[in-house]
Amino acid sequence: EKQDPKLVTKAPKLTKEMFEELASYGTITVKRAYGDWTNPHLTGWRDVLLGNAISPQQQFAYTSGKNATDSALIIDAMDLLYSGNVEGFAIVSSDSDFTPLATRLRESGKRVIGVGRRKTPKAFVEACERFVFLEVLGGDGGDSVATEQATEPATEPAKDDQPRPIQ
């Protein structure tokens, strides 16, 4: 399935608003974005990454239909967890594949803030302590943070068209 092109185009522009929201939960110490930066769909992110001191983590697409960036993000998150140097995580994704990661981080006593689209699967929204909707950051209305109730999404978003920052 293709992503909503309006949101893909708008997402890099929401980085400032996203970081402002996340800063209300604490100091952001590690900023990484995961993706295959050779993919033409990600070219709009170059200036955003540089302008916000986000470290791009290159992950080539080894096989079509698989997403190696998910695995790289999860490995790095677990490394950060066991380093003992962070108090919480922000996972910016609308992908339910990160539900077990969010659950595991919370089981370790870490705060987990999710950021994604309204159609993010309820399981991932609920696995996070708080969830911030990109549409609200973009001024499309509604509550910006979900803690208890979430609507059931219709479909999963495409995985390769957006980087996934983690703080």
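## An aromatic cluster

Phe-124, Phe-131 and Phe-133 come together as one aromatic cluster. Keep in mind as you look around that this is a predicted model. There are 2 aromatic pairs in the structure. In one of them, the ring centres of Phe-124 and Phe-131 are 5.7 Å apart and the planes meet at 85°, so this pair is edge-to-face; the cut-off for that label is an angle over 60 degrees. The rings of Phe-131 and Phe-133 have centres 5.3 Å apart and planes at 55°, so they make a tilted pair.

Are these rings buried or exposed? Phe-124 and Phe-131 are both buried, and the relative accessible area of Phe-131 is 0%. Phe-133 has 5% relative accessibility and so counts as buried, because the limit for that word is under 20%.

## Charges over rings

Phe-133 has another partner to look for. Arg-118 lies over the face of this ring, 4.3 Å from its centre. Elsewhere, Lys-31 lies over the face of Phe-19, at 5.0 Å from the ring centre.

## Helix 4 and its neighbours

Now find helix 4, which runs through residues 68–83 and has 16 residues. From first C-alpha to last, helix 4 reaches 23 Å, close to the 22 Å expected at 1.5 Å a residue. Just after helix 4 comes Gly-84, with a positive phi near 75°.

Several residues of helix 4 are buried, including Leu-73, Ala-77, Met-78, Leu-80 and Leu-81. Thr-69, Asp-70 and Asp-76 are also among the buried residues of this helix. What do the buried residues of helix 4 pack against? Their partners are strand 1 (32–35), strand 2 (55–58), strand 3 (88–92) and helix 5 (99–107).

## Two nonpolar cores

In soluble globular proteins, nonpolar side chains tend to be buried together. Here, the largest nonpolar core has 23 residues. Which residues have the most contacts inside this core? They are Phe-89, Ile-91, Leu-101, Ala-102, Leu-105 and Phe-124. At least two residues of the core come from each of helix 4, strand 3, helix 5, helix 6 (122–127) and strand 5 (130–133). Helix 4 gives the largest share, 6 residues.

Another core lies apart from this one and has 18 residues. Met-18, Leu-22, Trp-37 and Val-48 are among them.

## Salt bridges

Side chains of opposite charge can pair when their charged atoms come close. How many salt bridges does the structure hold? There are 4, and three examples follow.

One of them joins Lys-16 to Glu-20, with the closest N and O atoms 3.7 Å apart. Both residues lie in helix 2 (residues 15–23), separated by 4 residues, about one turn of the helix. Lys-16 has 57% relative accessibility, so Lys-16 counts as exposed. Asp-47 and Arg-46 form another salt bridge, their closest N and O atoms being 3.6 Å apart. Here Asp-47 is exposed at 58% relative accessible area, and Arg-46 is exposed at 54%.

The salt bridge between Arg-32 and Asp-76 brings the closest N and O atoms to 3.5 Å apart. This pair links distant parts of the chain, with Arg-32 in strand 1 and Asp-76 in helix 4, 44 residues apart. Arg-32 is partly exposed, at 22% relative accessible area, whereas Asp-76, at 18% relative accessibility, counts as buried.

Definitions and conventions
Residues numbered from 1 in each chain as written. Predicted model: local features only at pLDDT ≥ 70, side-chain atom pairs only at ≥ 80, totals over all residues. Heavy atoms only, no water. Expected span 1.5 Å × (residues − 1). Buried < 20%, exposed > 50% of the residue type's maximum accessible area, 1.4 Å probe, protein only. Contact = heavy atoms within 4.5 Å. Phe/Tyr/Trp six-rings, centres within 6.5 Å; stacked < 30°, edge-to-face > 60°. Lys NZ or Arg CZ within 6 Å of the ring centre and 35° of its normal. Core = buried A, V, L, I, M, F, W, Y, C linked by side-chain atoms within 4.5 Å. Salt bridge = Lys/Arg side-chain N within 4 Å of Asp/Glu carboxyl O.
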